[in-house]
Amino acid sequence: MAGLNVVLVNTAPAYLLTPQLLKTTLAAHPDAKGLVLNYPSNPTGATYTHAQLRELAAVIADTNLLVLSDEIYAELSYEEKHISLAHLLPSQTVLISGLSKSHAMTGYRIGYLAGPAPLMTLAGKMHQFMVTTAASPMMKAAEEALSPAGAGDAEAMKKVYQQRRDLMMAALTQVGFSAPKPAGAFYIFAKLPAKFGEDDVQFVYDLAEHARLLVPGSVFGPGGEGHVRLSYAASTKNLTEAAQRIQRFVAQKE
Ligand SMILES: Cc1ncc(COP(=O)(O)O)c(C=O)c1O
């Protein structure tokens, strides 16, 4: 909408932007104005270790890039505590977040930005005329989520999601999918068992009759071909049923 040119960067197989990959991309696009980062990631569940994030931040600090850092899955980090890029590079980062994931408030339309004050003033002007405001009942819910009463909710949810991740990882690997173990968010980005080849779209259509959990990996951009994204933001009962359906489908296919 702003007339910018989008350059997609293939981060497979670890799905992390390395300092080297960023340097190579910037060398090919010296006019780059900004960088969109998302960690923990939708669709891969990948996230940066503290050391990796610091190394990446050091490269960004040497540029004029403005980073739009979508960290909406911050509370769902299974290995290390999440660090925001806004903490490391406050003058170059616009943090995007919300309560959809930490407090299961998808659909409430409550999100927020945090960034350098002059930019936030401009974002406020746009917002006022495009959106006006979030609905009052949703703001009440957000207030409760952010109060001491809601402070422990994300931690409890994280434990449940981690169990669901382990359940689905085990079910998928048992029938020949392979995926890096997600360190955050609630997605598994799995390579199809070899007998299905590279056509992730066809696989998802065929499977749609049996379980509706999967999105073809190729819709997320280069590096996604031959993969599928599974979301484990569903009840453990439904996930158990879905795992059985996926396993039956894979086993039946010649
Ligand atoms: C990376 C990322 N950012 C932001 C959102 C926005 O969530 P919502 O519109 O529900 O607040 C999502 C939801 O799927 C997401 O995956």
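Let's start with Arg 245, which forms a salt bridge with Glu 241, their closest N and O atoms sitting 2.8 Å apart. By salt bridge I mean a side-chain nitrogen of Lys or Arg within 4 Å of a carboxyl oxygen of Asp or Glu. The two residues are four apart in helix α8 (residues 236-252), so about one helical turn separates them. Helices here are DSSP runs of H or I with at least four residues, strands are E runs of at least two, and both are numbered from the N terminus. Arg 245 is partly exposed at 34% relative accessible area, and Glu 241 is partly exposed too, at 32%. For those words, buried is under 20% relative accessible area, exposed is over 50%, and partly exposed is in between, with a 1.4 Å probe and protein chains only.

A quick word on what you are looking at: this is a predicted model, where local features need pLDDT of at least 70 and side-chain atom pairs count only at pLDDT 80 or more, while totals for chains, interfaces and linings use all residues. Residues are numbered from 1 along each chain as its sequence is written, and side-chain values use heavy atoms, with hydrogens and water left out.

Back to the charges. Searching the whole structure turns up five salt bridges. Another of them joins Lys 158 and Glu 155, at 3.9 Å from N to O. These residues are three apart in helix α6 (residues 153-174), so again they are separated by about one helical turn. Lys 158 counts as buried, at 16% relative accessibility, whereas Glu 155 is partly exposed at 40%. Then there is Asp 166 with Arg 165, whose closest N and O atoms are 3.1 Å apart. Arg 165 is buried, with a relative accessible area of 2%, while Asp 166 is partly exposed at 38%.

Now, which side chain of opposite charge is nearest to the buried Asp 200? That would be Lys 191, but it is 8.9 Å away, and Asp 200 has no salt bridge. For charge, Lys and Arg count as positive and Asp and Glu as negative, with His and the chain ends not counted. Asp 200 lies in helix α7 (residues 200-207). What it does have is polar contacts: its side chain reaches the backbone nitrogen of Gly 217 at 3.3 Å, and a 2.6 Å contact joins it to the side chain of Ser 218. A polar contact is a pair of N or O atoms within 3.5 Å; within protein, one must be able to donate a hydrogen and the other to accept it, and residues adjacent in sequence count only if both atoms are side-chain atoms.

Lys 101 is also buried without a salt bridge, and its nearest side chain of opposite charge, Asp 70, is 8.5 Å away. You'll find Lys 101 in the loop between β3 (93-98) and β4 (111-114). Its side chain makes a polar contact with that of Tyr 73, at 3.4 Å.

Lys 101 also takes us to the ligand, since a side-chain N or O atom of Lys 101 is 2.8 Å from a ligand oxygen. Taken alone, the ligand exposes 390 Å², and the protein buries 71% of that; these areas come from the Shrake-Rupley method with a 1.4 Å probe, and for residues only the protein chains shown count as cover. Ser 100 has a side-chain N or O atom 2.5 Å from a ligand oxygen, and for Asn 42 the corresponding distance is 2.8 Å. The residues around the ligand, meaning those with a heavy atom within 4 Å of it, include Asp 70, Tyr 73, Thr 106 and Arg 109. That shell divides into two nonpolar, four polar and three charged residues.

Terms used
Nonpolar A, V, L, I, M, F, W, Y, C, P; charged D, E, K, R; others polar.
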